[in-house]
Amino acid sequence: MPISNYLFTSESVSEGHPDKVCDRISDSIVDLYLDADPYARVACETLTTTNRVVLAGEVRGPGSITKELIEEAARDAIKAIGYEQEGFHWKNAAVDIYLHEQSADIAQGVDASGNKDEGAGDQGIMFGYAVNETDVLMPAPIYYSHKILRSMAEARHSGAETIFGPDSKSQVTLAYENGKPVRATSVVVSTQHIEGVEQDEIRETVRKYVTETLPEGWMCPEDEFYVNPTGNFVIGGPDGDAGLTGRKIIVDTYGGAAPHGGGAFSGKDPTKVDRSAAYASRYLAKNVVAAGLAEKCCIQVSYAIGVSKPLSLYVDLYGTGNVEEAKLAGILMEAMDLSPRGIREHLGLNKPIYTRTAAYGHFGRAPTEDGGFSWEKLDLVDQLKTAF
């Protein structure tokens, strides 16, 4: 029997966290290429450290995308985050670019030719998850962890708060009773700040964003509210710690409440099933829960490099479903073509929509008119209801 009373914790990191700076830069390069050619191929990894950015990977796209444009996109990403510090500055940081043409061996497996459909860009397993703990069908701990930092970042960007720096982290522990979240038992927020600010002032400033984010009556006890536990956080971002693309995959997904596959998302064009199939799995799981077929749903799909059809589709409703899981799996395969091409076309992924995904989670976000976060749509609900 699953336990029903427990504590569960998830963390988030802000757009200014060193790893998220790298995700932002890598996804900016993806968008740069897709804006010029919707079928460009990009696998861009970024490393950041004190006043240095290194880009490496493989691309296939129009010759109009020069190293100068790539460097400009990287600097624009850093500027948009807000880094104008001595140890990391959008204008002064060195940018080294080591992007080369996509491997011909990989390309021949992915490209469609003759009777062969477009194949997956790599082997792997991908997961999607949804649960009815929040309005956006995301696990509550990661949802509130993201929301705290996003509200602080919005205040920083607007000028409403001038003491915050770009780098910050949050962690929320929730108590579950009868399987449902009921209150926070601890909250941790560490935020970069300007020199000379008293810790009490930082604590009270942060408190406002925590209490406004959590539901009424959910605030943790005072002795379990931790703000900047180290006591000082002036040196932050890539100057304080090196960053790498794809190193915050649990922050990107479900905060540990559900499995994660073998790959990260940022820096990859939508032929890479690490990204596109994870989006498709979330899309299907969310529609299952929204249709009332289960309280929570986890979906796994798997692929082989160069092969178009998924090797497997697995559905787990954690005992909360009112439909047969095997039958549901078959219906989901009929509702959506899960080949790489089918996913891209169904969700409209060949667009420059990825920079915005680089911080505060790839899931639980509102779909936008230009096609962003299309995997959060609920347009399969009626079809799933009818099927049962």
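1. Helices here are DSSP runs of at least four residues, numbered from the N terminus. With that in hand, look at helix H2, which spans residues 67-81 and holds both Arg75 and Glu71. The two sit four residues apart, about one turn of the helix. Keep in mind throughout that this is a predicted model.

2. What do the side chains of Arg75 and Glu71 do? They meet in a salt bridge, with 3.0 Å from N to O. As for exposure, Arg75 has 16% relative accessibility and so counts as buried, the cut-off being under 20%. Glu71 is partly exposed, with a relative accessible area of 29%.

3. Helix H1 (residues 18-36) has a pair of its own: Asp23 and Lys20, three residues apart, again about one turn of the helix. They form a salt bridge whose closest N and O atoms are 2.8 Å apart. Buried or exposed, this Asp23? It is buried, because its relative accessibility is 0%. Lys20 is buried too, at a relative accessible area of 1%. If you are scrolling through the model, that is a charged pair with both partners buried.

4. Next, a salt bridge between loop residues. Arg356 and Asp370 bring their side chains together at 2.8 Å, N to O. Both lie in the loop between helix H10 (340-347) and helix H11 (381-387), so the pair ties together parts that are 14 residues apart in sequence. Each partner is partly exposed: Arg356 has 29% relative accessibility, and Asp370 has a relative accessible area of 41%.

5. Which residues are linked in a network of salt bridges? Arg203, Glu204, Arg207 and Glu222 are. For the overall tally, the structure holds 19 salt bridges, and the pairs in points 2 to 4 are among them.

6. Now for the backbone. Asn51 has a phi near 45°, which is positive even though the residue is not a glycine. You'll find Asn51 in the loop between strand E2 (41-49) and strand E3 (52-60). Asn51 counts as partly exposed because its relative accessibility is 22%, and buried would need under 20%.

7. Where does Tyr318 lie? Look in the loop between strand E13 (312-316) and helix H9 (325-335). Tyr318 is another non-glycine residue with a positive phi, this one about 55°. The Tyr318 side of the story ends with a relative accessible area of 34%, which makes this residue partly exposed.

How values were computed:
Residues numbered from 1 in each chain as written. Predicted model: local features only at pLDDT ≥ 70, side-chain atom pairs only at ≥ 80, totals over all residues. Heavy atoms only, no water. Buried < 20%, exposed > 50% of the residue type's maximum accessible area, 1.4 Å probe, protein only.
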